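Student: I am new to this structure and should like to learn how to read its features. Where should a reader begin?

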Amino acid sequence: MKLTPQASLLYWYEHNGRHDLPWRNTDDPYAIYLSEIMLQQTQVKTVLERFYFPFLERFPTLLDVADAELDDVLKRWEGLGYYTRARNLHNAARQCEGILPTDAHGLIQLSGIGRSTAHAIAAFAYRESLPILDANVKRILHRYFALPKRNEKKLWEYAYLLFDPVHPFEYNQAMMDLGALVCVSKNPLCDTCPLETTCQGKTSPHVFPEAKMKKAKPVRRRSIVIHQRNGRYALMQRQSRFLHGLWGFFETDEALGNRNFLGHITQHYSHFTLEADVYLSGDETEPEGYEWFGLDEFAALSMSRADQKAVTLLRYNLEKKESGCESY
Ligand code: SF4
């Protein structure tokens, strides 16, 4: 008997899916929401091994997130990057007062929850009959329907076309797994794909969708200045949109020469690369708006990766100085 593409996909999922992922074995909408947000820019393995459970342990419910200070939420997000996700999570928790809406329409009103995430939470937690359209699903649809052009609106139409409305949970999970395990971006395993017999793009999957023109990332050159006074160091909680809420050292565009040079750091962000020289300043002038912390207090502060790298340089240079070796 010839199976429909949906039946074929569900059969494949039953035998090959990643059924033991913790967010697939709960109907707690918050736990599902958290996984969706963490997985947006981070791999399953990293989320699973380092971030998902510690975050849930500190914030077992969304109400705990709403009650917490942003600083605390950012601290638990440290290392995951893309901190806008954590800020949005905190905002959303406060918007809904710790109780998530029970359908996609309500979910999409919350900070940082787009259409696909709303559909995912609604399909997985409430079994609402809606397809998702994350990066993996987009790739499959482009190939399956042989669509070279990137057009989000059209893709949603195709997402509904292939969707199995009777099994929203299994179908969406199956599509996510198919994208992660079989219809992968570099070398799709078409021979083992449950959609192989009906896939229109299988003979040349790499042309769907057409490649994006890669723009070279701009490089920003900055100087990070660690002001010190009586063994304490000046940090400011950033108010700018970028890295908002994270603690950081004073930064300037000026090149400061070799005096008190601690070292150089490179940090890659999604839209630019930071190349920064790091300096220690004993200048007594207090940079405006900064607060003073001891080295042992740094661990409790949420800091960007770049500032953490500056701290590593600082510690390294202090240790060298203490041991009588060459110093800054
Ligand atoms: S047949 Fe190949 S290109 Fe088509 S959906 Fe399956 S893995 Fe992707």
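Tutor: Begin with the domains, whose bounds come from an automatic or database domain assignment. In this predicted model, the protein chain is divided into domain 1 (5-207) and domain 2 (219-322). The C-alpha centres of domain 1 and domain 2 lie 36 Å apart.

Student: Which residues of domain 1 lose the most area to domain 2?

Tutor: The area buried between the two domains is about 840 Å², with carbon and sulfur atoms giving 51% of it. In domain 1, the residues that lose the most area are D71, K75 and R87, together 48% of what that side buries. The count of salt bridges between domain 1 and domain 2 is zero.

Student: How should one read a salt bridge?

Tutor: Side chains of opposite charge can pair when their charged atoms come close. Here, the side chains of R58 and D72 meet in a salt bridge at 2.4 Å, N to O. R58 lies in helix α3 and D72 in helix α5 (residues 70-77), so this pair ties together parts that are 14 residues apart in sequence.

Student: How many residues apart are E49 and K45 in helix α3?

Tutor: They are four residues apart, and therefore separated by about one helical turn. E49 and K45 form a salt bridge, with the closest N and O atoms 3.6 Å apart.

Student: Is E49 buried or exposed?

Tutor: Exposed means over 50% relative accessible area. E49 counts as exposed because its relative accessibility is 55%. K45 is likewise exposed, with a relative accessible area of 55%.

Conventions
Residues numbered from 1 in each chain as written. Predicted model: local features only at pLDDT ≥ 70, side-chain atom pairs only at ≥ 80, totals over all residues. Heavy atoms only, no water. Buried area = accessible area lost by both parts, 1.4 Å probe. Salt bridge = Lys/Arg side-chain N within 4 Å of Asp/Glu carboxyl O. Helix = DSSP H or I, 4+ residues; strand = E, 2+ residues; numbered from the N terminus. Buried < 20%, exposed > 50% of the residue type's maximum accessible area, 1.4 Å probe, protein only.
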